[in-house]
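Hi everyone, thanks for coming. Let me bring the structure up on the screen so we can walk through it together.

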Amino acid sequence: MSDSESTRIIRSGEQATTLTIPKSKLVILDGAGGVSDIELDKGVIMVGTGETSDLRLEDETVSRQHAEIVKTKDGYLVRDLGSTNGTFVNGLRVKEAFLQGGSILKLGKTRIKFTPLDEVLEIYPSKKNRFADLIGRSVEMRRIFGILEKVAPTNVTVIITGETGTGKELVARAVHQFSKRVKAPFIVFDCGAVAENLIESELFGHEKGSFTGATATRQGAFEMADGGTIFLDEIGELSLDLQPKLLRVLETGEVKRVGADRSKRVNVRVVAATNRDLKEEVKRGRFREDLFFRLSVIEVMLPALRKRTDDIPLLIQHFFNVGKQENESKALGFTQEALRTLCEYSWPGNIRELRNAIDRALSLCDGEEIEVSHLPDFIQERSVVTKAHPGMDSTLPFKDAKEKWIESFEKDYLLECLRKNNMNISKAAKQAGIDRKSVQRLLKKYGLTAKDV
């Protein structure tokens, strides 16, 4: 993936983020045509005389689905779709060929010029501390707000990466809210929460009788999102068998229900999210490179809460205000000790864990101030541990020592949660304010078993 094909979140010492939004234009030079030109702002452009064509030509020598132009990692590729009269690039008949700036396509009697229009933007941190429901005054978050302000109104595919609990779904909802599709559906599909044998049906729909239990025809998530946005959460959990089917939908804009004879065209913007390193997954053969490329046209990387500590007081106040109304609490604020404890905690469960802690404190507080005793036990205990800095190795570089300490904390925290909940993973996850799969991943990461607990 080249720098021109994804968003780069730069380091805090830099001033701007370079963002490239891929665009191209097809200009009809001569021949019959219903339109004069079309901009390419999605992965695949269908050219032909059919009603579903993105560039629809009024030329009797052109087939209904004559050719398609696909944005690939190596550039724009034109592919003939078995047309009657063939597809020509600069006078040569081709089955498929890469297009250069100024390339002339000939389909039937119609000549079309290909013109790249990639838009390169210098994005500076937003001056606002909020974007939709996202909150943050740190440079890292305001830089993301600046990116979203530019990206949301377009139709490009976005992938959001970051640890569990960092707010990836909030980013997806913000992209939809500030897009031209805001009045259309926003559909959430969690690839890690659906049984593997049902994912295809849930994503693409099924016909009645297509499999045991299919008692009625049903729309899939893509059809339900038609005209709007689909958020594919935990995309890294999608099996290798289903990845090419999703890729085809992204490339053609068509879905085929399980058991159906024909495909149906849908107009859907895709936003995906993962807490996995998809580049590493590609290297290990667990994720298709072409699908990764299609999803990561724009990449937004959310920092962990421990890496944006400037935002913690702002988030505490926000969750306090929201929770106070929901819980009808009489609390007016926090004691200095409680506030300090919250700000010094490392928040391995990120924003989700922070909100759960505030909600719990509000439910336990009967007075006007939230005290340390109202906070979850593990935060109180960790506060004491943090003061002592156990396990800190000052002989290591700062970054290495910090990561080593965080790993030690994650392992100890996980073990303690599991002990307190008698090895019940669901209860431990609820206490920690993270999902069950995150607990399982941490167990696997540190090679922990019931014997260890």
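I'll go through a sheet, some aromatic rings and one residue in a loop.

First, some housekeeping: this is a predicted model, where local features need pLDDT of at least 70, side-chain atom pairs count only at pLDDT 80 or more, and totals for chains, interfaces and linings use all residues. Residues are numbered from 1 along each chain as its sequence is written, and side-chain values use heavy atoms, with hydrogens and water left out.

Let's begin with the sheet. It is open, has five strands with mixed pairing, and runs in the order S5-S4-S6-S7-S10. Strand S5 (55-56) and strand S10 (96-98) each have a single partner strand, so they stand at the edges with one side lacking a neighbour in the sheet. Strands here are DSSP runs of E, at least two residues, numbered from the N terminus, as are helices (H or I, at least four); two strands pair if DSSP finds at least two bridges between them. S5 pairs with strand S4 (residues 44-48) in the parallel sense, over two bridges. Gly48 has Arg56 of S5 as its bridge partner.

Now the aromatic rings. Rings of Phe, Tyr and Trp (its six-membered ring) pair if their centres lie within 6.5 Å. That rule gives seven aromatic pairs, and Phe131, Phe145 and Phe178 are linked by ring pairs into a cluster.

Finally, where is Ile235? You'll find Ile235 in the loop between strand S18 (229-233) and helix H5 (243-252). Ile235 is buried, with a relative accessible area of 0%; buried means under 20%, using a 1.4 Å probe and protein chains only. Its C-alpha atom is separated by 5.7 Å from that of Thr274, 39 residues apart along the chain.

Notes:
Rings of Phe, Tyr and Trp (its six-membered ring) pair if their centres lie within 6.5 Å; planes under 30 degrees apart count as stacked, over 60 as edge-to-face and the rest as tilted. Buried means under 20% relative accessible area, exposed over 50%, partly exposed in between (1.4 Å probe, protein chains only).
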